[in-house]
Amino acid sequence: MNEHIITKRFDLGDGRMIEIETGKLAKQADGAAVVRMNNTMLLATVCSKREVGENVDFMPLTVDYQEKYAAMGRFPGGFFKREARPSEHEILIARLVDRALRPLFPDNFHAEVQVNITLISGDHDTMPDQLAALAAASALAVSDIPFNGPVSEVRVSYLDGQYVINTPMQDIERADLDLIVAATEDNIMMVEGEMKEVSEDVMLNALKAAHEAIKIQCRVLNELTIETGKQEKREYCHEVNDEELRERIRQAVYQKCYDFSKQGIANKHQREDGFAAIKQEFIDANYTEETLTDEIKFMIDRYYHDTEREAMRDMVLNERTRLDGRQLDEIRPIWCETDYLPSAHGSAIFTRGETQSLSTCTLGTKLDEQKIDGAVIEGTRRFLLHYNFPGFATGEVKRSGSTSRREVGHGHLAWRALKEVLPTEEECPYTIRVVSDILESNGSSSMATVCAGCMALMDAGVKLRKPVAGIAMGLISKGDKWAVLSDILGDEDHLGDMDFKVCGTRDGITACQMDIKVDGLSYDVLAKALEQARQGRLYILDKIHETIPEPREDYKDFVPRIEQIKIPKDFIGAVIGKGGEVIQKIQAETNTIINIEEEGEFGIVDVASQNKDDIAAALKWIKDICTVPEVGDVFDAKVVSIVEFGAFMEFLPGKEGLMHISEYEWGHPETLEGLIHVGDEFQVKVIAFDEKNGKIKLSRKALLPKPEGYVEEKPARGPRREGGDRGPRKDGDRGGHGRREGGNGGERRSSGNGEGRRR
């Protein structure tokens with residue numbers, strides 16, 4: 001077996017090695033490879049059908065990524081305890097690989113292809129997403145499936161002034177820039193990532209650093225292909241063409257499409273109807289209902305689409321104007337509105353041309369945080385952003401189903417763009433959810449989500465450090481001619497060579513996503529696109545500022561208020577109480593939601609309610625529980641029980657002390673019966689601590705003025721019992737006194753229904 005196993009190794013340049021192995025696992029797949037860095041191992045397989053479906057003129061590619069919990073020595077969560085449908089994290093990685101691979105299959109190769117990537121071993125130092133496309137490309141490299149690769153992918157970070165390739169996991173959070181870049185040896189294909197307001201120059205240099213590392217990997221993949229003998233790819237013929245028909249269509253409709261494109265019609269449906277009429281005119285002039293077979297109609301649709309695309313691209317390059325009549329760098333008309341929904345915590349409408357987002361912001365407590373329970377990544381997330389794209393946004397009849405991969409990807413890009421400007425948890429202790437519903441779409445809906453989401457956050461009173469806007473850039477190139485387009489339409493995205501989404505503040509970029517469909521894109525073009533994007537971003541930020549110049553001064557009246565305090569760690573158990581009884585009582589009587597988390601030597605307590613007085617009452621209760629009394633302190637106390645030698649008083653929640661009969665008033669009453677009753681409240685002063693047993697001595701007398709001429713008398717001797725003996729219990733009496741703490745010291749957090757739960 002070993003003679004068929006091929007292994008390739010290469011150095012990242014700093015001693016860290018990546019290994020590619022093929023020939024050991026999954027040998028019945030068309031191609032299979034294992035990529036390893038440290039203890040992280042990915043198995044990638046690729047399979048392709050030999051036959052193509054009828055009238056298929058697109059690339060039916062499916063990329064799936066899965067992280068096995070066993071790879072990290074963990075059990076899956078949930079009832080079934082097995083891997084199920086992919087998480088959003090896995091979907092996002094699959095999309096990264098799909099976007100890197102899809103443009104590199106031959107245009108006329110239409111057989112269904114499936115790529116599966118599985119994390120089979122992992123570690124806490126090496127992120128698997130930076131190796132996923134390399135693993136997939138390795139499987140393709142050792143297969144006979146036609147592919148214009150090789151392609152590979154790396155993570156690049158800007159860390160301490162240096163560009164780092166495949167950054168260790170623990171360093172990613174503190175990096176100023178974190179990008180995943182995919183490229184061939186000649187061209188960058190895909191970029192996605194987030195930044196902390198970096199400049200365009202920093203980003204451009206990051207792309208160059210990533211590309212240099214990828215070139216090495218592509219050369220290794222070429223060597224792997226040669227060593228496995230897979231230079232020759234399978235023969236295929238997936239298109240039946242009629243070249244005479246193709247030329248007739250071009251001659252008949254090219255100029256008409258060109259001239260119609262020049263009219264600058266802004267309405268998408270009018271443009272669609274106009275182009276459709278040109279095609280129908282050709283059909284009516286050349287075919288009857290009997291002669292227009294399904295096969296001919298299929299070819300007419302394909303050839304007309306190609307001609308229409310060519311004519312529109314030529315028009316933009318020659319006339320330097322757009323399909324909707326705009327200049328190359330012109331932004332579509334924008335109108336915005338905030339506080340549109342009266343019951344939402346925050347809401348905003350952002351409309352740019354024919355693209356519209358209605359976004360909402362909802363503020364919740366710690367209990368609303370999203371729990372992340374992946375094989376590699378665990379934790380919680382306090383900022384969520386969800387993007388929805390219904391069929392009516394484009395006038396289509398489309399059945400509603402589960403969230404699409406596209407919706408997950410667009411929402412994640414907007415999430416990355418906005419999370420960099422959120423206030424700290426100390427400044428804003430809320431869990432925050434933004435939802436963008438796309439109500440109308442003609443391109444750049446993810447960037448509309450960034451703008452509307454930013455305004456919804458500000459309308460909710462979230463103190464963003466700076467506003468953020470997003471813009472989608474396009475490119476059309478042919479030979480030496482090229483044009484960078486600002487704020488692209490859906491048609492321009494489809495017919496163009498680049499979709500480059502850039503988000504940021506006035507001071508720098510916070511997120512980006514780029515897909516390139518053309519060879520030989522120079523860094524000069526990218527630099528031009530970045531600068532044009534910056535100018536467009538500033539224009540959009542001005543529009544946002546006109547609508548809402550700064551976040552609301554305060555949250556709306558119906559938004560739950562959250563106050564946060566720190567308490568000593570030793571008092572967490574006392575606040576929660578045995579079985580959660582104390583914290584449940586506080587929540588029930590003050591109508592609040594209380595959450596406690598342990599952090600170092602403290603407990604972080606969040607108290608939430610829509611009523612400020614309720615929060616104040618709960619906070620006082622908690623502070624009282626955590627108060628350590630000192631001699632001389634004065635408290636409002638309640639009589640808990642009356643005994644022969646005095647009364648036991650609760651002066652703080654869970655804390656009792658003894659008021660001796662002699663400390664009730666000046667003079668020496670023989671009994672307290674008739675003078676006070678269980679439940680009576682009055683002020684007492686702490687006068688002493690019993691060092692031996694920790695009991696607290698209280699006095700009412702010490703707070704009363706001493707009568708004039710008062711002479712201290714010695715009390716008559718009697719059978720009175722002093723100290724801690726209470727004597728027989730009466731109804732309503734409690735045993736024990738001193739500080740009382742919850743018996744379940746391990747409880748650390750309460751849920752919304754008041755149940756304490758360990759964190």
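Biologist: Let's start with strand E4. How many of its nine residues are buried?

Modeller: Seven of the nine residues of E4, which spans residues 40-48, are buried, so this strand is largely enclosed by the rest of the structure. Keep in mind as we go that this is a predicted model.

Biologist: Which strands pair with E4, and in which sense?

Modeller: Strand E3 (residues 31-37) joins E4 through seven bridges in the antiparallel sense. Strand E6 (residues 113-121) also pairs with E4 in the antiparallel sense, over eight bridges. To find your place, look for Val34, whose bridge partner in E4 is Leu43. Then look for Val46, whose bridge partner in E6 is Val115.

Biologist: What lies between E3 and E4?

Modeller: Two residues, and the two strands form a hairpin. One residue to look at in the turn is Asn38, which has a positive phi of about 55°.

Biologist: Now I would like to read a strand face by face. Where do the side chains of a regular strand point?

Modeller: In a regular strand, side chains alternate between the two faces of the sheet. Let's try this on strand E9, residues 177-183. On one side you find Leu177, Leu179, Val181 and Ala183, and on the other Asp178, Ile180 and Ala182.

Biologist: Are the two faces of E9 covered or uncovered?

Modeller: Both faces are covered, as the residues on either side are all buried. Put as a count, seven of the seven residues in E9 are buried.

Biologist: Which strands are joined to E9 by bridges?

Modeller: Strand E7 (residues 152-159) is joined to E9 by seven bridges, and the two run antiparallel. Seven bridges also join E9 to strand E10 (residues 188-198), again antiparallel. On the E7 pairing, Tyr158 stands opposite Leu177. On the E10 pairing, Ala182 stands opposite Met190. A hairpin of four residues connects E9 to E10.

Biologist: Let's move on to charges. How do I recognise a salt bridge, and how many are there?

Modeller: Look for a side-chain nitrogen of Lys or Arg within 4 Å of a carboxyl oxygen of Asp or Glu. Searching the whole structure gives 58 salt bridges. In one of them, Asp301 meets Lys297 at 3.5 Å, N to O. These two residues are four apart in helix H7, so about one helical turn separates them.

Biologist: How accessible are Asp301 and Lys297?

Modeller: Asp301 is partly exposed at 27% relative accessibility, and Lys297 is partly exposed too, at 37%. For a pair with a contrast, try Asp171 and Arg174, whose closest N and O atoms are 3.5 Å apart. Asp171 is buried, with a relative accessible area of 17%, whereas Arg174 is partly exposed at 45%.

Biologist: Which parts of the chain does the salt bridge between Arg352 and Asp487 tie together?

Modeller: The closest N and O atoms of Arg352 and Asp487 are 3.6 Å apart. Arg352 belongs to strand E12 (residues 346-352), and Asp487 to the loop between strand E19 (481-486) and helix H10 (490-495), so the pair ties together parts that are 135 residues apart in sequence. Both Arg352 and Asp487 are buried.

Biologist: Which residues are linked in a network of salt bridges?

Modeller: Arg99, Glu192, Glu194, Arg416, Lys419, Glu420 and Asp515 are linked in such a network.

Biologist: Which residues form a negative patch on the surface?

Modeller: Glu54, Asp242, Asp294 and Glu295 form one. Of these, find Asp294 in helix H7, residues 294-319. Asp294 is exposed, with a relative accessible area of 64%.

Biologist: Finally, how far apart in space are Arg433 and Phe383?

Modeller: Their C-alpha atoms are 5.9 Å apart, although 50 residues separate them in sequence. Arg433 sits in strand E17 (residues 431-440) and is partly exposed at 37% relative accessibility. Another pair to try is Gln217 and Ser138, 79 residues apart along the chain, with their C-alpha atoms separated by 9.9 Å. You will find Gln217 in helix H4, residues 200-227, where Gln217 is buried with a relative accessible area of 1%.

Definitions and conventions
Residues numbered from 1 in each chain as written. Predicted model: local features only at pLDDT ≥ 70, side-chain atom pairs only at ≥ 80, totals over all residues. Heavy atoms only, no water. Buried < 20%, exposed > 50% of the residue type's maximum accessible area, 1.4 Å probe, protein only. Pairing = 2+ DSSP bridges. Patch = residues over 30% accessible without salt bridge, like charges linked within 9 Å, V, L, I, M, F, W, Y side chains within 5 Å. Areas by Shrake-Rupley, 256 points an atom, 1.4 Å probe, with all protein chains shown as cover. Lys, Arg positive; Asp, Glu negative; His and termini not counted. Charge placed at Lys NZ, Arg CZ, Asp CG, Glu CD.
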